[in-house]
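Reader: I would like a close look at the empty space inside this model, beginning with the enclosed part and moving outward from there.

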Amino acid sequence: MLDFVQLEADLDQEERMIRDTAREFVEEHVKPDVGEHFENGTFPKELIPKMGEMGFYAPNLEGYGSPNVSETAYGLLMQELEAGDSGLRSMASVQGALVMYPIHAYGSEEQKDEWLPEMGTGETIGCFGLTEPEHGSNPTAMETYAERDDDGYVLNGSKTWITNSPIADVAIVWARDRSADDDPVRGFLVETDRDGVSTNKITEKLSLRASITGEIGLNNVRVPEENVLPGVSGMKGPLSCLTQARYGIAWGAVGAARDCFEEARQYANDRDQFGGPISRFQLQQRKLAEMGTQITLAQLLAYRLAELKERGEMRPQHVSMAKRNNVRMARNQSRIAREMLGGNGITTDYSPMRHMANLETVYTYEGTHDIHTLVLGEEFTGIPAYE
Ligand code: FAD
């Protein structure tokens, strides 16, 4: 596997073990039929508890059944899962970074005890409801709201593009609390079997097909007071979760690109044209040289990000740069790999075109490429240019 500047030589034993376990899992349980899932628009649901058993959901958290592995180990896990499929990494990212993380960081002791162990094993599936039909890049303008009633809150509104909502047991719904001054955004744990909750599946996707995506409709949904995340108020809540998930994406995208590279390298050696393997042509070698270089640069950024995160010095702007760069890199390189496979490259028998289609979603969700450009623009000039 491509590790040109030997970054993996510095891994400790636990990190190696997690990398190897995830890699074997993907080889054995994902790669054989992920192409079929992609074609059929299904997620291999039987892998959800298996992934829990393997400790793939938020292993970087501490306590409540989570082993608190290093940020590098967590990144490597995301990289290996996304080498399988971005849908698989999305499953682990949503469950771990977008649902377990906020419960861990902002939940009450009762909420942590109730949800974290079951989510860690995959017995309970969570989803994260921030995006709305009219508010994507600017979630601050969200319209979903909560109003107090005697023993809790009543929620109304709708969320869309929510990974796993049709199969989730619980959703973290971000909504404006209209009963408090200045309508702060709060996080509500909403069990999906409550009256008034609907979770329609979005079926028309041409990207991230091996992942379930849906809406969340909230029509006078009552939740008790104890379902509110007590430890956070305002946009800091959802944005801090996104920082965690984007960290995983910065690593994950490298996995998708690496898988494309390996597939293209193998194919170039195996495929004969004009009397020998196409890998002997300079044009093909140039493509591999560029792909290998770009992947290596992205790996360096991901490893550095892990160091900063481990030290508590990682800022959201660092994550913006890594997510932005690494996803763009993977999106561009997957296309080159696809090209190297000729006609076979457009089928699900090989991974590059599936990765290429998936990466359109990864480029768009968790802050579009444009939005991260604006984050960096503000970082370097001091001038916000969002409006
Ligand atoms: P818009 O915000 O409408 O953007 C449209 C275009 O305008 C983009 O190119 C954007 O970059 C550009 N644009 C917007 N604002 C600016 C600006 N100020 N300056 C320049 N250009 C701008 N959301 C969740 O809450 N939970 C999930 O689990 C989840 N999963 C998803 C799964 C999939 C498969 C997909 C596709 C999306 C998912 N999302 C999820 C939603 C995702 O985060 C949003 O699609 C994303 O934030 C972009 O919002 P939008 O689609 O409304 O696009």
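Which helices each supply at least two residues of the lining of the largest cavity? Please set the answer beside the open pocket and the ligand.

Author: This is a predicted model, and what follows is computed from it. The helices that each supply at least two residues of the lining of the largest cavity are α1 (13-30), α4 (71-84) and α7 (236-270). The structure holds one cavity of 30 Å³ or more, and about 50 Å³ of space lies in the largest cavity. Its lining is made up of M1, R23, V26, E27, K31, E80, A83, R258, D259 and E262, and when these residues are sorted by class, three are nonpolar, none is polar and seven are charged. Because domain 1 (7-124) and domain 3 (236-381) both give residues to this lining, the largest cavity lies between the two domains.

The open space can be described in a similar way. The largest pocket has a volume of about 1,300 Å³, and of the 43 residues that line this pocket, the closest to its centre are G136, R246, Y365, E366 and G367. Two or more lining residues come from each of α5 (86-106), β5 (152-163), α7, α9, α10 (352-364) and α11 (369-381), so that α7, named above for the lining of the largest cavity, is also among the elements that line the largest pocket. By class, the lining of the pocket has 17 nonpolar, 18 polar and eight charged residues.

One of these pocket-lining elements, α9, can be checked for its length: at 1.5 Å a residue, the 25 residues of this helix (residues 316-340) should span 36 Å, which agrees with the 36 Å between its end C-alpha atoms. After α9 comes G342, whose phi is positive, near 55 degrees.

As for the ligand, 19 residues surround it, and the closest are T131, S137, W161, T368 and D370. Side-chain N or O atoms are found 2.7 Å from a nitrogen atom of the ligand in the case of T131 and 2.8 Å from a nitrogen atom of the ligand in the case of T163, whereas Y386 places a backbone N or O atom 2.9 Å from a nitrogen atom of the ligand.

Note on methods:
Residues are numbered from 1 along each chain as its sequence is written. This is a predicted model: local features need pLDDT of at least 70, side-chain atom pairs count only at pLDDT 80 or more; totals for chains, interfaces and linings use all residues. Side-chain values use heavy atoms; hydrogens and water are left out. On a 1 Å grid over the protein atoms alone, a cavity is a set of points where a 1.4 Å probe fits but cannot get out, and a pocket is an open set with protein on both sides within 12 Å along at least five of seven lines; lining residues have an atom within 4 Å of a point. Grid points are joined across faces, edges and corners, and a volume is the space filled by probe spheres set on the points. Helices (H or I, at least four residues) and strands (E, at least two) are DSSP runs, numbered from the N terminus. Ala, Val, Leu, Ile, Met, Phe, Trp, Tyr, Cys and Pro count as nonpolar, Asp, Glu, Lys and Arg as charged, and the others, Gly among them, as polar. Domain bounds come from an automatic or database domain assignment. The expected span of a helix is 1.5 Å times one less than its number of residues. A residue is near a molecule or strand if one of its heavy atoms lies within 4 Å of it. A polar contact is a pair of N or O atoms within 3.5 Å; within protein, one must be able to donate a hydrogen and the other to accept it, and residues adjacent in sequence count only if both atoms are side-chain atoms.
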